[in-house]
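Here is a short briefing on charges in a protein, and on where they sit. Take a moment to look at the structure, then follow the bullet points one topic at a time.

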Amino acid sequence: MTSIEKNYLQMICRSCHLNEQNSDGDKENPQRETLSEQTAHQLVELAQKQYMAPFLLQDLKGTACFEYVKRQAKMMMFNYYQIEELTIKTTQLLEAEHIPYILLKGISLAACYPVPEYRKLGDLDLLILDQEKLELTKKVLKDNQYEEEEEESDHHLTYFYKFSNGRRHIIEVHYRIVGVYHYAPTNHVIDQVFSGQHLKPVIQRIEGRNYPVLPPTEYTFYMLHHMLKHYLYDGFGIRLLCDFSLYVEKNGKDIDFTQLNEWCSKSGMAYFFATIMDCCKKYLGLSKMIPGMLSIPENECDQFMTQILGGHEVGNEKQSSLVYSGTYRRANLLACFKEGHTQMKVRFPKLGRIVPIWPVLWGFTFYHFVKNTYKVRNTTLRQTIKDFKTDNQRAENLHLFEKKDYS
């Protein structure tokens, strides 16, 4: 890890714990050092690709980069308030029709930050598990000028809403908490934990309004899976780790860590959970008193964090990357076929249940895969398969979906 990356992490950690640092009324951080213009520029480049510019404001005062970072922070804060407005508008529409929903991430997680507006909001995520209410939701959104976007997904519907200033924001209506993995035990745990029968949302009050959100233990489990899905695709940036660290710090007393450890063990993601916990404790100020599952070797923690810092907001944005559902023992042709079969079920959720027509659906899926490879991802089949093998190896390093119990 470079000195710039270490500096960057220290600045983010300080910004994430502003309330603790300033509890004595001291508005300036005594440890803040004068930065060279070259160092400041490198820090801004790192923060810019991960949408973390506001977290560097205090440390970049007095440098030539400060005004630029301040403008970036203002733009992100404006985006925050638009997403907040969209959240209020959309949830009020659902509440008027008595549609039960659960707010995921967004302003719910931002409320854990010392300055909620510093957290970059990407879209609005809602969970609706009742199939009948899901159909009603589609009608309500359509009747109120929400545009549905055709997207291949096995767990959510996508809509756009356009504000009067021309800006369009994404709304994801989840009917499943996360996408399907190829590892059946993980899917089984998810289906149990996030079933309509099991879930009992709690109320979180944000800026004078009540929102139903996931209970703390389930919320933490969801964040782990959200990170894991991004990791399996192309990695993720520091923001998701900040979300996790600050949420667990704030809600630690209400999280059942014994239950969480059990769910992670059964899901084959115990080592991933341990890696996230250790990185948050070492680099982001998460209390070492928060119980974990096990400790991973320090060098592996460093390697994982270096990988996170090398990514963008939610990944490396490689156009050649292929969305896939998990890790395979060997990333060979059989693994590619299995992944193709999984993607076929995503593309054809209803027809995919009819076994006799699978060969036809495989053909259509492969055709679209090849078309997207050259037309959308602007790459080749050879490069896509190579990246698939690389991503698979990266996931294997975290012992994902192994039956070994680390508890």
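Let us start with one charged residue: R168 is partly exposed, with a relative accessible area of 42%. Here, buried stands for under 20% relative accessible area, exposed for over 50%, and partly exposed for what lies in between (1.4 Å probe, protein chains only). This is a predicted model, in which local features need pLDDT of at least 70 and side-chain atom pairs count only at pLDDT 80 or more, while totals for chains, interfaces and linings use all residues. Residues are numbered from 1 along each chain as its sequence is written, and side-chain values use heavy atoms, with hydrogens and water left out.

**R168 and its partner**

- R168 forms a salt bridge with E147, and their closest N and O atoms are 3.3 Å apart.
- This pair links distant parts of the chain, 21 residues apart: R168 belongs to strand β5 (residues 168-174) and E147 to strand β3 (residues 147-149).
- A salt bridge here is a side-chain nitrogen of Lys or Arg within 4 Å of a carboxyl oxygen of Asp or Glu.
- Helices (H or I, at least four residues) and strands (E, at least two) are DSSP runs, numbered from the N terminus.
- E147 is partly exposed, at a relative accessible area of 39%.

**Other salt bridges**

- How many salt bridges does a search of the whole structure find? The search finds 14.
- K70 and E67 are one such pair, with their side chains meeting at 3.6 Å, N to O.
- Because K70 and E67 are three residues apart in helix α5 (residues 66-96), about one helical turn separates them.
- K70 counts as partly exposed at 29% relative accessibility, and E67 is partly exposed too, with a relative accessible area of 42%.
- K253 and D254 also meet in a salt bridge, at 3.9 Å from N to O.
- In that pair, K253 counts as exposed at 72% relative accessibility, whereas D254 counts as partly exposed at 45%.
- R119, R239 and D243 are joined into one network by salt bridges that share partners.

**Negative charges without a salt bridge**

- Which residues gather in a patch of negative charge on the surface? They are E148, E149, E150 and E151.
- Such a patch is made of residues with over 30% relative accessible area and no salt bridge, with like charges joined within 9 Å; for nonpolar side chains (Val, Leu, Ile, Met, Phe, Trp, Tyr) the limit is 5 Å.
- Lys and Arg count as positive and Asp and Glu as negative, while His and the chain ends are not counted.
- One member of the patch, E148, is found in strand β3 and is partly exposed, with a relative accessible area of 46%.
- E218 lies in helix α9 (residues 216-233).
- E218 is buried yet has no salt bridge, and K200, the nearest side chain of opposite charge, is 9.3 Å away.
- Which residues does E218 contact, leaving aside its neighbours within four places in sequence? They are V193, F194, H198, L199 and W263, where contact means heavy atoms within 4.5 Å.

**More of helix α5, and two loops**

- E95 lies in helix α5 and counts as partly exposed at 33% relative accessibility.
- Leaving aside neighbours within four places in sequence, E95 is in contact with Y101, R209 and N210.
- H98 sits in the loop between α5 and β1 (102-104), and H98 has a positive phi of about 55 degrees although it is not a glycine.
- K105 lies in the loop between β1 and α6 (107-110), and its phi, near 55 degrees, is a positive value in a residue other than glycine.
- Are these loop residues buried or exposed? H98 is exposed, with a relative accessible area of 64%, whereas K105 is buried at 12%.

**The whole protein**

- The secondary structure comes to 16 helices and seven strands.
- Buried residues make up 53% of the 407 residues in the protein.
- Among contacts with a separation of 6 or more, 68% are between residues 24 or more positions apart.
- The protein exposes about 19800 Å², and carbon and sulfur atoms supply 53% of that area, as found by the Shrake-Rupley method with a 1.4 Å probe.

Key:
Charge placed at Lys NZ, Arg CZ, Asp CG, Glu CD.
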